[in-house]
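Student: I am new to this structure and would like a close look at one part of it. Could you walk me through a single strand and its surroundings?

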Amino acid sequence: MFTLKPHYAVLLVLAAGLAGCGESSTLQVTDGTGPSPKLPEPNKTLIPTVNIAPAVGWPQGGKPVAAPGTQVAAFAENLDHPRWLYVLPNGDVLVAETNSPPKPDDDQGVRGWVMKKVMGRAGAGVPSANRITLLRDKDHDGVAETRTVFLENLNSPFGMTMVGNTLYVADTDRLISFPYKDGQTAITAQPTKIVDLPGGTLNHHWTKNVIASKDGSKLYVTVGSNSNVAENGMAAEEGRAAIWEVDPASKTHRIFASGLRNPNGMDWEPTTGKLWTAVNERDEIGSDLVPDYVTSVQDGAFYGWPYSYYGQHVDERVKPQNPELVAKAIAPDFAVGPHTASLGLVFADGKTLPAPFNEGMFIGQHGSWNRKPHSGYKVLFVPFKDGKPAGTPIDLLSGFLNADEKAQGRPVGVVNDHQGGLLVADDVGNKIWRVTGAKAQQAGVKP
């Protein structure tokens with residue numbers, strides 16, 4: 001007779017769907033938000049906190065709750081796990097319909113099996129469509145009438161950016177480019193490889209984002225870590241937990257900044273011109289640790305992972321330690337709450353939404369699976385002044401969790417559509433939401 005070891009049995013019980021296990025938060029999400037978040041002592045428990053919001057999707061007619069002065073409607077529906085967005089110069093919207101690639105070495109053992117069950121219940125267990133879809137709103141009524149397969153047969157694509165007539169796409173294991181002509185609704189040309197990216201059968205944080213410098217001469221690519229806190233060894237982290245600077249002309253790269261556990265969204269702050277990114281911090285030391293954050297990115301800077309968090313707060317789980325690197329660790333600019341899974345990031349363009357949403361940063365918070373109570377599940381706005389965060393964050397979109405704490409949707413990528421709206425990818429609701437000012441015309445007239 002097969003008998004489970006006690007700790008395996010516990011993990012299986014977790015996977016079977018308990019509402020939550022492990023410790024609970026003693027602080028509010030707001031305590032872990034701002035330039036100087038509260039950082040309690042680590043609370044490492046025998047059973048890691050698991051508090052899944054089961055994915056149920058939106059009921060008929062359901063939608064998020066928009067902040068006062070704004071309104072929200074569906075721009076596109078019935079997509080296949082839409083994660084990331086990019087707006088082409090002519091206003092067409094590209095959406096990466098994508099999910100995790102096969103990564104068998106990351107799913108080994110009971111813990112890996114349990115994590116697959118957890119992610120599946122949270123809505124992340126569907127196969128990747130591996131395509132980029134083009135959406136076109138020709139009559140500017142806030143709803144896409146045209147939908148075409150723009151690129152297919154990709155490998156868990158995520159980030160996209162355009163330089164001149166070249167479209168760059170960040171697959172999970174390489175950065176590639178395609179020629180593009182204005183107005184194209186599909187690309188059939190073969191890709192050109194720019195650089196390989198860390199991937200393979202152990203590919204813990206698989207999403208890779210890309211953004212171009214203002215002059216287009218450099219590309220910046222996010223590469224997440226291959227573990228929570230280097231439990232797979234530092235050899236598995238080569239080139240990871242970093243932002244790369246890529247020279248597409250020479251097809252070379254260098255590490256621009258490191259110690260960033262899982263950076264995703266990136267954008268250029270309009271006043272200072274600095275690069276900012278959204279970063280997911282580490283797990284399994286309590287519901288209140290560690291806050292995810294947004295930060296300006298300094299060339300050559302080290303941000304702590306895996307040895308320390310929020311500057312020089314040492315993570316004792318990591319062996320051996322590296323005191324020399326910890327001494328160089330820079331604290332990020334602004335915390336956005338523990339375990340919020342902050343992914344999307346875009347700065348307000350000053351003309352899309354009314355005050356107070358006209359100067360600052362929008363953040364797509366995918367939402368926690370390992371905090372009790374839940375955190376994230378919203379689009380957060382961080383006000384800025386003179387190029388820096390200034391003031392208390394505001395919920396732009398909320399209501400992604402229903403009254404039973406089930407996920408109707410989970411926001412990911414956010415982008416200005418340059419036509420009076422902010423677009424939000426929802427990979428559980430399988431929709432793209434469009435947020436506008438409350439007085440904007442929704443039909444027939446361009447906002």
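Tutor: Happy to help: here is a walk around strand β27, the pocket beside it and some ring pairs. Please keep in mind that this is a predicted model.

Let us begin with N416, which belongs to strand β27, a stretch covering residues 411–416. Is N416 buried or exposed? Its relative accessibility is 4%, and because buried means under 20%, N416 counts as buried. From there, the side chain of N416 reaches the backbone oxygen of F347, at 2.9 Å. Leaving aside residues up to four places away in sequence, N416 touches V87, V346, F347, A348, D349, T352, G421 and L422.

A little further along the chain is Q419, in the loop that runs between β27 and β28 (422–426). Q419 has a relative accessibility of 14%, so it counts as buried. The side chain of Q419 makes a polar contact of 2.4 Å with the side chain of H140.

Now for the pocket. Strand β27 is among the strands that each supply at least two residues of the lining of the second largest pocket; the others are β4 (82–87), β8 (160–163), β12 (210–212), β16 (262–268) and β22 (342–347). This pocket has a volume of about 750 Å³. It is lined by 34 residues, and those closest to its centre are Y86, I211, D267, V346 and V415. V346 is also one of the residues that N416 touches. By type, the lining has 21 nonpolar, 9 polar and 4 charged residues.

Finally, the aromatic rings, which form 13 pairs. In one of them, the ring centres of W58 and F400 are 5.7 Å apart and the planes lie at 65°, so this pair is edge-to-face. W58 and F400 come from distant parts of the chain, 342 residues apart: W58 sits in the loop between β1 (33–34) and β2 (65–66), and F400 in the loop between β26 (394–398) and β27. W58 and F400 are both buried. Ring pairs also join W58, F400 and W433 into a cluster.

Another pair brings us back to F347, whose backbone oxygen the side chain of N416 reaches. The rings of F347 and W276 have centres 6.3 Å apart and planes at 85°, so they too are edge-to-face. Here W276 lies in strand β17 (residues 275–280) and F347 in strand β22, with their positions 71 residues apart in the chain. Both W276 and F347 are buried.

Terms used. Residues numbered from 1 in each chain as written. Predicted model: local features only at pLDDT ≥ 70, side-chain atom pairs only at ≥ 80, totals over all residues. Heavy atoms only, no water. Helix = DSSP H or I, 4+ residues; strand = E, 2+ residues; numbered from the N terminus. Buried < 20%, exposed > 50% of the residue type's maximum accessible area, 1.4 Å probe, protein only. Polar contact = N/O pair within 3.5 Å; in protein donor to acceptor, adjacent residues only side chain to side chain. Contact = heavy atoms within 4.5 Å. 1 Å grid on protein atoms, 1.4 Å probe; cavity = no way out; pocket = protein on both sides within 12 Å on 5 of 7 lines; lining within 4 Å. Points joined across faces, edges and corners; volume = space filled by probe spheres on them. Nonpolar A, V, L, I, M, F, W, Y, C, P; charged D, E, K, R; others polar. Phe/Tyr/Trp six-rings, centres within 6.5 Å; stacked < 30°, edge-to-face > 60°.
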